[in-house]
Amino acid sequence: MGKREVDFLKKNGLDVEGIDREALLAVFAKEMEDGLAGKPSSLMMIPSFISIDKPVKTDTPVVVLDAGGTNLRAAVVRISASGEAQIGAFSKRAMPGTQGELSAEAFYDAFADFLMPIVGESESIGFCFSYPAEIMPDCDAKLVQWSKQIQVPSVVGTMIGSGLLKHLAQRGYRRRTVILNDTVATLLAGKSMGVARNYSAYVGFILGTGTNTAYVEQNAHILKRTDLDKRGSMAINVESGGFRGVPQSQFDKIMDAATIDCGHYAFEKMISGAYLGWLSTTVLIEAAKAGLFSAQAAQKLAALKPVQSKDVDDFCNGTMQPGSPFLDDAFGAADGESIVALCTAVFERAAVLTAVNIASAIIKTGEGHDAARPVCVNVDGSTYHRTRTGQFRNRVQRELRQMLQPRGIAYELIRVDESPVIGAAVAGLM
Ligand code: BGC
């Protein structure tokens with residue numbers, strides 16, 4: 001990267017090499033402890049009431065609903081005795097609330113209608129809900145707030161499972177739901193698919209439209225709950241996207257101010273797919289103001305709407321698609337190089353922070369000290385698996401090694417296709 005770009009980014013608080021990884025790990029650990037103890041913390045540390053040791057009914061159909069950041073998906077899933085998942089009757093539509101504001105009634109109607117073709121297949125619904133929700137001991141869930149810019153404000157603070165069940169009952173179906181976060185589902189999918197391996201602990205990590213982490217904690221450490229069997233353990237939804245320990249650059253602040261949940265989910269806004277393109281756009285616009293581009297390019301950039309993360313990734317890797325906002329004669333060769341340099345720094349920072357996040361969860365399990373029994377980290381999400389800019393995955397893995405090898409912690413990153421769906425099925429079959 002040219003000196004001009006480096007200086008500009010540093011001056012505005014974006015300095016990839018200067019990130020103090022060890023200091024961030026320490027803050028992450030402290031915030032996790034505080035969240036578990038019910039002290040003020042940017043990490044919600046939500047108990048899932050799902051223990052990973054319960055038996056799972058095999059060869060039994062279960063209905064699965066997967067409410068993600070972009071899509072709502074449904075399927076009927078069976079898990080075989082050997083842990084194989086068979087996914088049938090799969091369907092998908094846009095997640096209600098992503099295409100403009102909705103009322104709670106319209107939201108649940110959309111869910112219930114969507115389930116109608118398969119609801120008769122099972123009494124149980126494994127419901128993967130990829131938003132911050134407080135889980136109740138009966139596995140219903142109260143929505144704390146929306147993330148990922150979803151617009152159904154009247155559902156915040158209400159019980160999601162009961163809302164859905166009411167709308168199913170209106171259609172003549174009495175059902176049971178088990179609600180779990182997608183990272184808890186991902187953790188369960190890793191456990192279920194990795195049955196043959198001798199892992200000492202499990203982590204589920206997602207980096208897609210949004211980001212989050214789950215790991216298994218001993219109940220005795222969940223100090224904010226006094227009603228738990230101290231001998232047991234359960235998955236914890238960290239809601240790591242809310243982490244507030246990383247100083248925001250000027251660009252983070254400018255972008256955050258334009259989001260509908262300004263002040264929330266600062267960490268998610270630095271690393272996940274919903275925001276990396278937007279943040280890159282913000283950097284480019286500010287760089288244009290600071291004179292880093294030609295006059296024609298600066299004029300184009302001044303009017304640039306938030307670019308999708310994928311369009312930035314494509315541009316930086318020479319695979320620009322028709323319709324790309326960068327496909328414009330105003331951008332000369334030098335402008336193109338500056339765009340790549342500046343956006344790459346945004347993605348590199350995301351990779352470093354992703355590694356800090358994963359390492360923090362691995363360390364928190366307290367396991368992995370016997371090389372024969374590593375910690376299993378099931379990683380899901382298109383941003384992690386598909387991003388090429390900044391050699392994203394390699395960089396995350398290199399950074400992770402640098403943090404964990406000196407600590408003598410053994411871990412293994414695995415990938416299970418359709419993890420949220422499989423994990424929700426496992427939970428519905430417990
Ligand atoms: C949500 C989490 C979710 C994550 C990954 C975040 O925006 O708050 O609950 O696990 O995205 O989908």
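This explanation leads from the ligand site of a predicted model to a helix that borders the site and then to two loop residues with unusual backbone angles.

The ligand is a suitable starting point. Around it stand 15 residues, of which Ser-147, Asn-181, Asp-182, Glu-239 and Glu-268 come nearest. Sorted by class, this shell comprises seven polar, four charged and four nonpolar residues. Several pairs of atoms link the protein to oxygen atoms of the ligand. The side chain of Glu-268 places an N or O atom 2.7 Å from a ligand oxygen, and the side chain of Asn-181 does so at 2.8 Å. Tyr-131 contributes through its backbone, where an N or O atom lies 3.3 Å from an oxygen atom of the ligand. Each of these pairs counts as a polar contact, because the cut-off is 3.5 Å. On its own the ligand has 310 Å² of accessible area, and the protein covers 98% of that area. Two elements give two or more residues to the shell, namely helix α5 (182–193) and strand β10 (211–218).

Helix α5 leads onward from the ligand to another part of the fold. It packs with helix α14, residues 419–428, at an angle of about 80 degrees, and the two axes are 7 Å apart. The two helices are therefore roughly perpendicular to each other. On the α5 side, the contact is made by Asp-182, Ala-185, Thr-186, Leu-188, Ala-189, Ser-192 and Met-193. On the α14 side, the participants are Ser-419, Pro-420, Ile-422, Gly-423, Ala-424, Val-426 and Ala-427. By class, this contact has nine nonpolar residues, four polar residues and one charged residue. Asp-182 thus appears in two settings: it is among the residues that come nearest to the ligand, and it takes part in the contact between α5 and α14.

The backbone also deserves attention at two positions. In general, most residues other than glycine have a negative phi. Glu-239, however, has a positive phi near 50 degrees. This residue lies in the loop between β11 (233–237) and α6 (250–257), and it is also one of those that come nearest to the ligand. Gln-149 likewise is not a glycine, yet its phi is positive, at about 65 degrees. The loop that holds Gln-149 runs between β7 (141–143) and α4 (160–170).

Key. Residues numbered from 1 in each chain as written. Predicted model: local features only at pLDDT ≥ 70, side-chain atom pairs only at ≥ 80, totals over all residues. Heavy atoms only, no water. Near = heavy atom within 4 Å. Polar contact = N/O pair within 3.5 Å; in protein donor to acceptor, adjacent residues only side chain to side chain. Areas by Shrake-Rupley, 256 points an atom, 1.4 Å probe, with all protein chains shown as cover. Helix = DSSP H or I, 4+ residues; strand = E, 2+ residues; numbered from the N terminus. Nonpolar A, V, L, I, M, F, W, Y, C, P; charged D, E, K, R; others polar. Axes fitted to C-alpha atoms, helices over the stretch in contact; angles between N-to-C directions. Parallel < 35°, antiparallel > 145°, perpendicular 65-115°, else oblique. Contact = heavy atoms within 4.5 Å.
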